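Okay, thanks for making room for me this morning. I'd like to walk you through a structure, one spot at a time, so please have a look at it before I start.

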Amino acid sequence: MRHGKILAVALAAAISLAGCSSGGSTAGEEGLKQLTVSGISSTTQYLPVYIAQQKGWFTDAGVEIEDVLFTSGPVQMESLSSDSWDLGLTGVGGVLAGAIRYDALIVSASSTDDAGQYVFVRKDSPVVAAGQGHNTLSPDIYGDAESWKGANVLSSTGTTLQYTVIKMLNGFGLTKDDVNFIAMDGPTIYSSFLAGEGDAAALGNAEGAFTVLRMDEYVAAANGRNTDTGLMTNIMVNRNSYADEEKYEAMKLFMKVYFESAQWISENPDEAAEYMLTFLEECGASADLQTCQDRLSADQYYTVEEAYTMATENEEGQDISVMEAALTDALQFFVDSGNYQESDKEIFANHVDTKLITDVYELMK
């Protein structure tokens, strides 16, 4: 793997950090197609890339990857203004920002993303005291409208974590304006909440959610599944790279290996968890093997057949694909919540391109 970069955000500043590199040559190997791939550090979505690098599968396929890793999707997409990557793996926050603000194309789904988002409160919280059964989305969600009003919620903004919180609030008849969102990056949320800050914290599987689940003093008030988020992760491309014939061929090879690597993970969960642990450690994230196993069992990777079907078959009663419909629903929710404008829906339309996933599907048949 060529030397990677992690771009982190602390307050409003972007910081470039060394890490998440799995070794290998920093110069392009002769005869290999070159591709710069971006992702979110320490995520299961990026694990197939890491494993494929470790096992030499990309080299065998004729492509060499340079990694550029970020701490959030919106920051990942902001880097497109300088053409810093060709193909990116990201969640809904990155997808919406990439399509609407940076004209990136959505070319495939890669995994489910609704099992790893949690909204935690402390066991002695008024939310826990209010009990369950007061939310229209699920009887398993803790709290009621009164116990959530005015709560200080630690959360990254424009991400699946904030989306989960807002969905939960709507189930109580509340909006994002009924709580106080305190914007932080994932690692800071984890450390701050455990140190006693905030009334609630939105944590994902990459930010320590499964570790907190095993702590007796905290309660998972809601999660991505019982708030009915229907989230997924996606693969996006830089339009400039997509139009380049050589880069396009490299993208095809990359995606073929990615889906094969994801399938290997599904078939070898124990060995994959060991790789996950090493990957997290190289990214500077603390974890244990049990957490890695929990994270890999939470969300499932799509097969190439599933990704192709989602991108090419229309949602029932609509003239857009299943994948685009799910993303459009997420965008509508963010519009209703004030994170995006109504006019952004028109910008987002037609940012799904099925040529690449179709070519990869045909290549792998």
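**Inside, outside and in between**

So, let's begin with the largest cavity, whose lining is made up of Thr44, Ser111, Arg295, Leu296, Asp299, Gln300 and Tyr301. Before I go further, do keep in mind that this is a predicted model. How much space is in that largest cavity? About 30 Å³. And the structure holds 1 cavity of 30 Å³ or more, so that's the cavity count done. If you sort the residues of its lining by class, you get 2 nonpolar, 3 polar and 2 charged.

Now over to the largest pocket. Here we have about 910 Å³ of space. The lining takes in 45 residues, and the ones nearest the pocket's centre are Ser72, Gly73, Pro74, Ser156 and Thr159. If you want to find your way around by secondary structure, the elements that each give two or more residues to this lining are strand S1 (2–10), helix H3 (73–78), helix H4 (92–102), strand S6 (105–112), helix H7 (160–171) and helix H8 (186–194). Which element gives the largest share of the lining? That would be H4, with 6 residues. As for the chemistry of the pocket lining, by class we're looking at 14 nonpolar, 25 polar and 6 charged residues.

I just mentioned H8, so let's pick a residue from there. Ile189 sits in helix H8. Is Ile189 buried or exposed? Buried, with a relative accessible area of 0%. Setting aside its neighbours within four places in sequence, Ile189 is in contact with Leu154, Ser155, Ser156, Met184, Ala201, Ala202 and Leu203. You'll remember Ser156 from the residues nearest the centre of the largest pocket. For a sense of distance, take Ile189 and Glu274: they're 85 residues apart along the chain, and their C-alpha atoms are separated by 26 Å.

Next stop is a loop. Val352 has its place in the loop between helix H16 (344–348) and helix H17 (355–364). It's a loop residue, but Val352 is buried, with a relative accessible area of 19%. The cut-off for buried is under 20%. What does Val352 touch, if we don't count residues up to four places away in sequence? Ile106, Met323 and Glu324. The Ile106 pairing is a nice one to find on screen: Val352 and Ile106 are 246 residues apart in sequence, and C-alpha to C-alpha they're 4.7 Å apart in space.

Here's another pair for you. Val128 is in helix H5 (residues 126–129). Leaving out neighbours within four places in sequence, Val128 has contacts with Val121, Arg122, Lys123, Tyr142 and Val219. Val128 and Ala220 are 92 residues apart along the chain, with 9.5 Å between their C-alpha atoms.

Okay, let's do some helix packing. Helix H1 (residues 47–54) and helix H12 (residues 269–282) have axes that come within 10 Å and cross at roughly 100°. Angles of 65 to 115 degrees count as roughly perpendicular, and H1 and H12 are therefore roughly perpendicular to each other. Who meets whom? On the H1 side we have Leu47, Tyr50, Ile51 and Gln54, and they meet Ala272, Tyr275, Met276, Thr278, Phe279 and Glu282 in H12. Split by class, that contact has 7 nonpolar, 2 polar and 1 charged residues.

Last topic: backbone angles, and two aspartates. Asp83 has a phi near 50°, which is a positive value in a residue other than glycine. Where is Asp83? In the loop between H3 and strand S5 (87–90). Asp83 is partly exposed, with a relative accessible area of 43%. Then there's Asp228, with phi near 60°, again a positive value in a residue other than glycine. Asp228 lies in the loop between strand S11 (218–223) and strand S12 (232–237). And is Asp228 buried or exposed? Exposed, at a relative accessible area of 54%.

That's my tour. If you'd like to go back to any of those spots, just shout.

Key
Residues are numbered from 1 along each chain as its sequence is written. This is a predicted model: local features need pLDDT of at least 70, side-chain atom pairs count only at pLDDT 80 or more; totals for chains, interfaces and linings use all residues. Side-chain values use heavy atoms; hydrogens and water are left out. Axes are lines fitted to C-alpha atoms, for helices over the stretch in contact, and angles run from 0 to 180 degrees between N-to-C directions. Helices (H or I, at least four residues) and strands (E, at least two) are DSSP runs, numbered from the N terminus. Angles under 35 degrees count as roughly parallel, over 145 as roughly antiparallel, 65 to 115 as roughly perpendicular and the rest as oblique. Contact means heavy atoms within 4.5 Å. Ala, Val, Leu, Ile, Met, Phe, Trp, Tyr, Cys and Pro count as nonpolar, Asp, Glu, Lys and Arg as charged, and the others, Gly among them, as polar. On a 1 Å grid over the protein atoms alone, a cavity is a set of points where a 1.4 Å probe fits but cannot get out, and a pocket is an open set with protein on both sides within 12 Å along at least five of seven lines; lining residues have an atom within 4 Å of a point. Grid points are joined across faces, edges and corners, and a volume is the space filled by probe spheres set on the points. Buried means under 20% relative accessible area, exposed over 50%, partly exposed in between (1.4 Å probe, protein chains only).
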